Structure formats: structure tokens, C-alpha cells
Amino acid sequence: MSTLLITNGRVIDPSSKRDEVADVFIVDGKIQEVGKHISAIAEKTIDATGLVVAPGLVDIHVHFREPGREDMETLETGSRAALAGGITTVVTMPNTAPIADNQTVIEFIVKRARELDLITIYPAGAITKNEAGSMLAEMREMKNSGAVAVSDDGVDVDNPGVLLSAMEYAKTHDMLLMNHCETPELDESGVMHEGWVSTELGLPGIPEVAEDHGVAKGIMLAQRSGARFHISHMSTKAAAAALREAKRAGLANVTGEVSVQHFALTDEECRGYNTHAKMYPPLRSRDHVDAIVEAIKDGIIDALTTDHAPHIEPDKIKPFADAARGTVGLETSFAVMNTYLVKAGHIPLSQGIALMTHKPAEIIRQKKGTLAVGADADIAIFDPDKEWIVDEKEFLSKGRNSVFIGKKLVGKAVHTIVGGKVKMSGGKIV
Amino acid sequence: MDVALRRKPMSEAEEDLSKIREGRDLSFFDLTSIDQVSLKDLALLYDVARRFRDYRTYKFSFNKGYSQVNAFFEASTRTQASFDLAAKQLSMDTTSVGSTNSSAKKGESFIDTVETLSAYNARAIVIRCSQAGAPEFVARHVAASIINAGDGWHEHPTQALLDALTMLDECASEDLSGRVVVVVGDIKHSRVFGSLVRILKKLNATIRVAAPETFLPDYVEKFGVSTSWSVEEAIEGADVIYALRVQEERGAKGDIPTLREYSKTFGISAKRLALAKPEAILMHPGPVMRDIDVHSALVARHPQSRILRQVENGMALRKALLWLMCDRADGATKSYELL
């Protein structure tokens, strides 16, 4: 029997509405008891005085690049970066090389994750073969191999007929369909948010209507199909309004996520042709960011994610239009949420943690992100007041391309525990 | 190099130019945006450019021993020829690289290409490229002075400098206060507009823009311009009419039905020109699409056209810029960080 006792921390477990100073007792990798002054004798004790004890974070939108682009990231380095950020469960997007549109690639990821024994990795398979938007991928086979969702992330399923078929088929197999909603014909080959900043910089803009249109199309088809439909990385006013309206209308099958950079930063970050600020959807103008924050405050948004997108340096030291898109985020996401939502006074810490734990876990229907008795003992212990400056040289991810480099953030993971075992302590993998 | 040795003995013309310069220097080491150019810089550039203009093709030895690379990754006639001639008339050695003969074809990155060119001890690298911001990006990482000769839809600063010189000469005043400049055409895809609007603001001009909505970028009015869909309305009482070319190669094709319809609605005809002030001038950065942007008869011969004057000013302006940038009186050098 292996035991671990975490004492005197502020235990925040939104799934059981707990936010109080308490102890957490773990036996054989499961939560045995959460309560005040647990008197059990444990093999190992962690004093969490002054720290926050939360379920390990669940990030349902990451890119780990393996198989195919192991120079950018691997399942191992991505997992280590996740641990450094207090993340214990991820959903990997299928745009690897080859694309995860078949059971072989899904099986490879599941097997490799098991061997690594670092975090829980749930792969997402592709919606369509080769993410080409025409032929459906074998969703049932992928589900049986361990995929928890399908997504053509990186691109929308542009053809609404194909998207509707995909939803109806996903529903048949009770598969979650995640969609990158961005109508390509409306993005005009843009490379950043279309607005005053893009005009000043002379860069082709992506109008918000590209996302608005994609989200509206997706919700309409979700209503028609009844499939479990999840909107990836929402970033616009109208997208938030559309999800708000869908929820008001009682569409329980529609959920939406926001990637943390989209409520934290604006398109002003692109000034100086800063390629770390290049991503899709793009960082938006202040009015959109404010609307996204409002939607988070009002409980319209169901999950916060990173869209962790590691790249090699040569792909970012390029003219802005040619540079790779995306930012890493696993090692900064808790701090970004804490800094820009909690410390900024928008939401209480427990609400932010809910959006990064049990709520995303419910979307993928996995028993994660909770400290309920009997649950896997995946736990993150944070110092919520630790101030630090983001330095990419300290990242465990292979990707150094963070849009938060040089920014001061508040809050950092101190220990990360997976299945009752301490996997990260003080920024180092144990 | 011993600058003093190179300079002596100065010819009469060189002494004359040096006297005009009065030991002044520009505030910048690279020219990537009009935002960098102060009013003091403008005064210096124009003092020197006007005098260079008087000497026409006289060969000065000011920049002898310095090299210039013209890196034109996009097509160019007048800008490339004028930079090349300007450098040669300052006794510089010049060479050109382009997209068809460059290592970019072999997969070399933009920054590596420019770092290599800089390593030939080039004093100045003139860059034209399709990517906005690329000159600004490489300027931070090479020793050579980078001059932006057009980057994507962003800026073309030397064009704006020569255009403003042309306008100021016409008004015979220090700035353009009270003057109405109308810019007509494909604003959205135009780097010429990007620089022109910035310099006209600096000189206090009143700026109107006339174009179909599809040619107007988002929030263009934030530059401090008024916009109109009617070219007649915009031209009414103007001092300068500045026509732009429809940038078909940069994605303008889908923004208008046909050039024929565009010409009918926005092309500058004698009738439209007559709506402006009688002494108004007509300008165009070139290349002109005759009978599309500007009616053929108005291009070169018309008394109100300044299109060829712009070209002449371009030579003088670029000569001034190259001399002031390459041959600094204070001997200062730019700081940069190799990538």
C-alpha cells in the first residue's frame, strides 16, 4: 500500500464545491479522503501551507507533434511541460504526420503515453481523412483505440454537408466532435486579426466574421444533428454571443472553449512584427477580448485550454506572413488564468480552476479533474501568489515560442502528482 | 576607412553640398517606415535633395568605397533603377539580387540571405519584398543600413519622401497646412499609401481618400483621413490628386468587377481633374495603367501632371538619403544583434 498525505493546503475542488483549508489523503493512487486534520500516517507527506491544492489540470487542446515532428515536440517533452504547468491530462490534436485519422496512429499515441507514464494523454482523431474535409475518418475504430474526440484542428470542416454528416456519424458512436470554426473563404489569407493594428502594420487581416460564420454554421448543424459539438478556441464577440444564445435555447450538446491567450492579450502584441503573437484564431482587438472575459464570467465558456503549439526557432524567425502559427502554453496556462482573470478581479480562483479541471473533463466524459473520493489522485499544488517572469529558456517544452515571453505572471505549480505519485516538484521532473 | 583621406580634395560641387548639409545627420540608421522620420530629418533630406537635383547627374565621390546591394524580391523598374543610379552618382559600387536568381529558391531563409549580403560589408541594402515588416525585422539583425523599398501592403518610405518634396515645391511652403490631398484608388493593397498618409499627417495636410469599399482597409479613418465612395465629391476643391494603381498582383482582382468599370467610376479624367482647384496638380507613383487609373492624355504631357517630376525628385531624394545614411558626419554606427 502506498500512501501520500497533503496537509494544510487550500483545497479547491470545484467538482465537489470545496474551497477550504484541508488535508488530502491518497492511498494506492486514489483519493482516499479529503478533510480537516486527517490523522493518517503516510509514507510521504507534503506540507501545502499557503498553497492551493487542486485537481490536476485538464487541457483538452494541445499539439504534441508526435508522430512526425519530434523536432518540435514529443509525447515525452510535451508531457514534461504539462507537468511543469500542473497539467495531468491532455487531449492531443490529430494534425501530426501522419495525421491521426486512423486507429494505428491513435494506438501508437496511447501505447507511447502508457510507456512514458507521465500524464494521461487522450488522443483526438481527425474528423475527415487527412483533415482534407471530404471523406469521414473511421471514428468508431479510433474510439475503440482510445480516441476521446474527433477534430480537424487547424482547419474548419469547410463543407457544411460534410460537417453535418460528420456530426450525425459521430453521434452514432457517441463521439465528441470538436471543431476549429473559421470559414477559410472569409479569412482572405490573413495573418493576424483584421483591424487598426493590421492596417497600420500593412498585414493581411483575418476578419472576425470568418470565425463568427464558422461558429454559427457549427451551432446550426449541431442543433440539427444533436451531436456533441465542441467549439475550439473561441475568440470573438459574436462567437461568444452565439454560444450564449445556444445555451439560452437549451442546446445542451454544444460546448465551447477559450484558449488562455485569447482573454489575456490583444492584437497589439503583433506590433514590431512579433511572430510569437501569430496564431489562428488570431489575437483579437480589445473589444473582443472584453467580450470573451464577460462570457467566461457569465459561465458561458465551458473550458480553458492552451492550444499549446510548439515550433522550432527557424519557423518563427521569419517575416510575419511566413512565420509558423501558434504559441506554446502548457507551462504558463495556470498563471495566465490566475493573472488575467483572478488577480484582475474577474472571477474567483475556484471558477478558474473549474474551467481547467472538471468542466473540460466532463466535455470529454472522463473521470478526471476531481478530488472526489475514489478518483485518480491527479493533483496540482500551486503557489497562487508567486510572481515570475516568463523565460523561454526555462521551458521543458521543446517549443520556445511563447507569446508570454518577458511578461510577469502570478502563480506557479509547485508539485504535480499523477496517480498518487509526485511527478514534478519545484519545476523539476521527479 | 579614413574618411578624411577619401574626401580630399573636394570638388566645388561637393563643397557646396557639404555646406548645405552643415554637418547634420539623420536620426535613424535604417529607413523602414515614415514613422521614424522626424521633421528635422525631413528638413535635412529636402535641403540636400534639392541641391542634388540642381547638379543633375554630376558624379560625387561622397560614398566612394561603400557598397550597396539592391535586393528586389519583387518586380520594380523605377525604384530599382533610381536607387542604383543614385548610388552610382555617389560613387558607390552596386549589385542586385532578385527573386529569380536568389538563394531563396534553394530554401534559404530571408534573414540568412540578408545577413549574407550584409557580410559583404554592404553599407546599404535596399529591400523590396512581398512580406510586410520583413525589412524592419532584418534591420534589427544586420550591420548594413536597411532601406525599405516597399514591403507588402505596408510602406514604401522613399516614395512618400519624394512625393512630399514634389508637393512642398509646388506650394513653396514649409508644410502642407490647409492643403487638400485626395488619394484615389486601391488604398488597401498599397504600400505607397501606407507611407504617404504618414508623411502627409506629419506635414498637416488634409487627406481625403476616394475608393470603393473593397479597396479601403479596416479603420483607415484612424490615420486621420476622410473617406468617400465618390471620386467627384472627394476631388472638389483639392490641391493634389494622387492616383494609385489597382494592385491586381496583390489580390485586388476580386475587389472590383472589371478594370473597365473601375476606370469609369474612379479613373482620373480631364473632367474630374477640373473639379479640383485650377492650380491643382496630378500625381501618380507609377507604373501608370493608362486609361485605367489616369486617362492617357493626362499622364505625361498635361500641364497639371507632375508624374515625371516625381521620378526626377526620386533620384535626388534617394541620393540625399544614401549620402546622409552611409556617410555620417558623427561617425556613429548602428547597433544590431546577429540571429
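Visitor: Which residue of β13(A) stands opposite N179(A)?
Guide: This is a predicted model. Strand β10 of chain A covers residues 176-179, and strand β13 of chain A covers residues 229-231. The two strands pair in the parallel sense over three bridges. Opposite N179(A) stands I231(A).

Visitor: Which strand of chain A is joined to β10(A) by three bridges and includes residues 149-151?
Guide: The two strands run parallel. A149(A) stands opposite L176(A) in β10(A). The strand joined to β10(A) here is β9(A).

Visitor: Which helix forms a β-α-β unit with β9(A) and β10(A)?
Guide: The unit is right-handed. Its helix spans residues 160-172 of chain A. That helix is α4(A).

Visitor: Are the residues of β10(A) buried or exposed?
Guide: L176(A) and M178(A) point one way from the strand. L177(A) and N179(A) point the other way. Whichever way they point, all four are buried.

Visitor: Is M175(A) buried or exposed?
Guide: M175(A) sits in the loop between α4 and β10 of chain A. Leaving out residues up to four places away in sequence, M175(A) touches M139(A), K143(A), A149(A), V150(A) and A170(A). A residue with 20 or more other C-beta atoms within 10 Å counts as buried. M175(A) has 23 such neighbours, so M175(A) is buried.

Visitor: What separation lies between the C-alpha atoms of M175(A) and A252(A)?
Guide: Along the chain, M175(A) and A252(A) are 77 residues apart. In space, their C-alpha atoms are separated by 15 Å.

Visitor: Is D174(A) buried or exposed?
Guide: D174(A) is found in the loop between α4 and β10 of chain A. Its phi is positive, about 50°, although D174(A) is not a glycine. Most residues other than glycine have a negative phi. With 11 other C-beta atoms within 10 Å, D174(A) is exposed.

Visitor: What is the phi of K17(A)?
Guide: K17(A) lies in the loop between β1 (3-13) and β2 (18-27) of chain A. K17(A) has 8 C-beta neighbours inside 10 Å, so K17(A) counts as exposed. K17(A) is a residue other than glycine, yet the value is positive. Phi is near 55°.

Visitor: Which residue does a cis peptide bond join to Y280(A)?
Guide: Most peptide bonds are trans. In this cis bond, omega is about -5°. The partner lies in the loop between α8 (261-264) and α9 (286-297) of chain A. Joined to Y280(A) is P281(A).

Visitor: Which residue does a cis peptide bond join to G286(B)?
Guide: Omega of this bond is about -10°. The partner is in the loop between β9 (281-283) and α12 of chain B. Joined to G286(B) is P287(B).

Visitor: How many helices and strands does chain B have, and is chain B as compact as a globular protein of its length?Guide: The secondary structure of chain B comes to 12 helices and nine strands. The globule rule gives 20 Å for 339 residues. Chain B is close to that value, so chain B is as compact as a globular protein of that length. The radius of gyration of chain B is 20 Å.

Visitor: What percentage of the 339 residues in chain B is buried?
Guide: The C-alpha atoms of chain B fill a box of roughly 60 × 50 × 35 Å. Among contacts in chain B between residues at least 6 apart in sequence, 76% join residues at least 24 apart. The buried share is 48%.

Visitor: Which helix of chain B gives the most to the largest nonpolar core?
Guide: This core has 244 residues. V182(B), V184(B) and I241(B) touch the most other members. The helix that gives the most covers residues 307-326 and supplies 11 residues. That helix is α12(B).

Visitor: Where does this core lie with respect to domain 1 and domain 2 of chain B?
Guide: Domain 1 takes in 3-152 + 313-326, and domain 2 takes in 157-305. Both domains give residues to the core. The core therefore lies between domain 1 and domain 2.

Visitor: Which residues is I241(B) in contact with, leaving aside neighbours within four places in sequence?
Guide: In soluble globular proteins, nonpolar side chains tend to be buried together. I241(B) is one of the core residues that touch the most other members. Its contacts are V182(B), V184(B), I235(B), I268(B), L273(B), A276(B), A280(B) and L282(B).

Visitor: Which helix gives the most to the side of chain B that touches chain A?
Guide: The contact takes 22 residues from chain B and 17 residues from chain A. On the side of chain B, α5 (110-119), α6 (134-139) and α8 (191-202) each supply at least two residues. The helix that gives the most supplies three residues, and it is α6(B).

Technical notes:
Residues are numbered from 1 along each chain as its sequence is written. Chains are lettered from A and ligands numbered from 1 in the order in which they are written. This is a predicted model: local features need pLDDT of at least 70, side-chain atom pairs count only at pLDDT 80 or more; totals for chains, interfaces and linings use all residues. A nonpolar core is a set of buried Ala, Val, Leu, Ile, Met, Phe, Trp, Tyr and Cys residues joined through C-beta atoms within 7 Å. A residue is buried if 20 or more other C-beta atoms lie within 10 Å of its own, exposed if 12 or fewer, and partly exposed in between; C-beta atoms are placed from the backbone. Domain bounds come from an automatic or database domain assignment. Two residues are in contact if their C-beta atoms, placed from the backbone, lie within 7 Å. The radius of gyration is taken over C-alpha atoms; the globule rule is 2.2 Å times the number of residues to the power 0.38. Two strands pair if DSSP finds at least two bridges between them. A crossover is right-handed if, with the strands pointing away from the viewer, the path from the first strand over the helix to the second runs clockwise.
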